[in-house]
Amino acid sequence: MRSFYLSAAHKSSGKTVVSLGLCAALKKRNLRVQAFKKGPDYIDPIWLTQASGNPCYNLDFYNMSEAEIIQLYQEKISMADVSIIEGNKGLYDGMNVAGGDANADLAKLLNIPVILVIDTVGITRGVAALVKGYQDFDKQVNIAGVILNKVAGDRHESKLTQAIEYYTDIKVLGSVRRSKALIIDERHLGLMPANETPQSTHFINRAAELIADQVDVDKFLDLETKKPKVKSPICVNTNTNTNTNTNTNTNQYQYQANSCCCKR
């Protein structure tokens, strides 16, 4: 079973449309596709469910423990040929400046290779600095490939690909052209829900055709996927402590690999 984490450098890079196209293209290959969405988003999962043909599930650090995330993920991929997790915002974006709740952290928790969708509007050689910076920011994150999005044409694609291949060891998996056919209407909460868009089936089918034509799906499927690092729960005392210097964490459980340091 192969799993991939689709993320981006920033919001509105086009990762949802690429995710939809990939899910639908893989489904057309008669593969059973399991989709996930990071965070509590309810709109993107509607689209991903329609594209993959299977219910999409949320993986959310704020509403789930790490053990619950791993359990749900492993349970749902058990009958799948391939799984795709679509991130939210940028790869390293989150509430905590030190990390811990970002897409990168979820990819590390599940030990899944990241495919970075890059919005290439207005950039050429500088794309290498962007990709290299994301690769070096956290060496534990496996950025296995890049999909170039909103590419202007052949000359633009050539400059982008040459820069990435010259300065990094990350594979360019595809180059998706700018196209009005790959634009979904947005509103204040994000994309217009698929169940409120009469042409959603046509859009997904068209996205599948364009993505299959412009992304090397075989190379995508050949990327190495490892098993998630399962963590064992350890109990922590949640009683209120009157010492103001003590961190009164309200979480009932913390997770640490292969150890349990206390008893209930």
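What share of the contacts in the protein chain with a separation of 6 or more is accounted for by residues 24 or more positions apart? In this predicted model, the share is 74%. The exercises below begin with the whole chain and then turn to its parts.

**Exercise 1. Describe the protein chain as a whole.**

Solution. Step one is to list the secondary structure: the protein chain has 8 helices and 11 strands. Step two is to consider burial: of its 264 residues, 47% count as buried.

**Exercise 2. Determine how strand β2 is placed, and which strands pair with it.**

Solution.
1. Strand β2 covers residues 33-38, and 6 of these 6 residues are buried, so the strand is largely enclosed by the rest of the structure.
2. In a regular strand, side chains alternate between the two faces of the sheet. In β2, Val-33, Ala-35 and Lys-37 point one way, while Gln-34, Phe-36 and Lys-38 point the other way. Both sets are buried, the two lysines included.
3. One partner of β2 is strand β4 (residues 82-86), joined to it by 5 bridges and running parallel to it. Within this pairing, Ala-35 stands opposite Ile-84.
4. Strand β3 (residues 57-59) is also parallel to β2, and 3 bridges join the two. Here Lys-38 is found opposite Leu-59.

**Exercise 3. Follow the chain from β2 to β3 and characterise the helix between them.**

Solution.
1. Helix α2 (residues 43-52) forms a β-α-β unit together with β2 and β3, and this unit is right-handed.
2. Helix α2 is mostly covered, with 7 of its 10 residues buried. The buried residues are Ile-43, Asp-44, Pro-45, Trp-47, Leu-48, Ala-51 and Ser-52.
3. An α-helix has 3.6 residues a turn, so residues three or four places apart point the same way.
4. Just after α2 comes Gly-53, which takes a positive phi of about 85°.

**Exercise 4. Establish how α2 packs against helices α1 and α7.**

Solution.
1. The axes of helix α1 (residues 15-28) and α2 come within 8 Å and cross at roughly 20°. That angle makes α1 roughly parallel to α2. The crossing is right-handed.
2. The residues of α1 that meet α2 are Thr-16, Ser-19, Leu-20, Cys-23, Ala-24 and Lys-27. On the α2 side, the residues are Asp-44, Trp-47, Leu-48, Gln-50, Ala-51 and Ser-52.
3. For α2 and helix α7 (residues 200-214), the axes come within 10 Å and cross at roughly 65°. The two helices are therefore roughly perpendicular. This crossing, too, is right-handed.
4. Trp-47, Gln-50 and Ala-51 of α2 meet Ser-200, Thr-201, Phe-203 and Ile-204 of α7.
5. Trp-47, Gln-50 and Ala-51 thus appear in the contacts with α1 and in those with α7.

**Exercise 5. Decide whether Gln-135 is buried or exposed, and identify the residues it touches.**

Solution.
1. Gln-135 is located in helix α5 (residues 126-137).
2. A residue counts as buried under 20% relative accessible area. Gln-135 has a relative accessibility of 15%, so it counts as buried.
3. Leaving aside residues up to four places away in sequence, Gln-135 touches Ile-143, Thr-168, Asp-169 and Ile-170.

Note on methods: Residues numbered from 1 in each chain as written. Predicted model: local features only at pLDDT ≥ 70, side-chain atom pairs only at ≥ 80, totals over all residues. Heavy atoms only, no water. Buried < 20%, exposed > 50% of the residue type's maximum accessible area, 1.4 Å probe, protein only. Helix = DSSP H or I, 4+ residues; strand = E, 2+ residues; numbered from the N terminus. Pairing = 2+ DSSP bridges. Right-handed = clockwise from strand over helix to strand, strands pointing away. Axes fitted to C-alpha atoms, helices over the stretch in contact; angles between N-to-C directions. Parallel < 35°, antiparallel > 145°, perpendicular 65-115°, else oblique. Left-handed = near helix turned anticlockwise from the far one by under 90°. Contact = heavy atoms within 4.5 Å.
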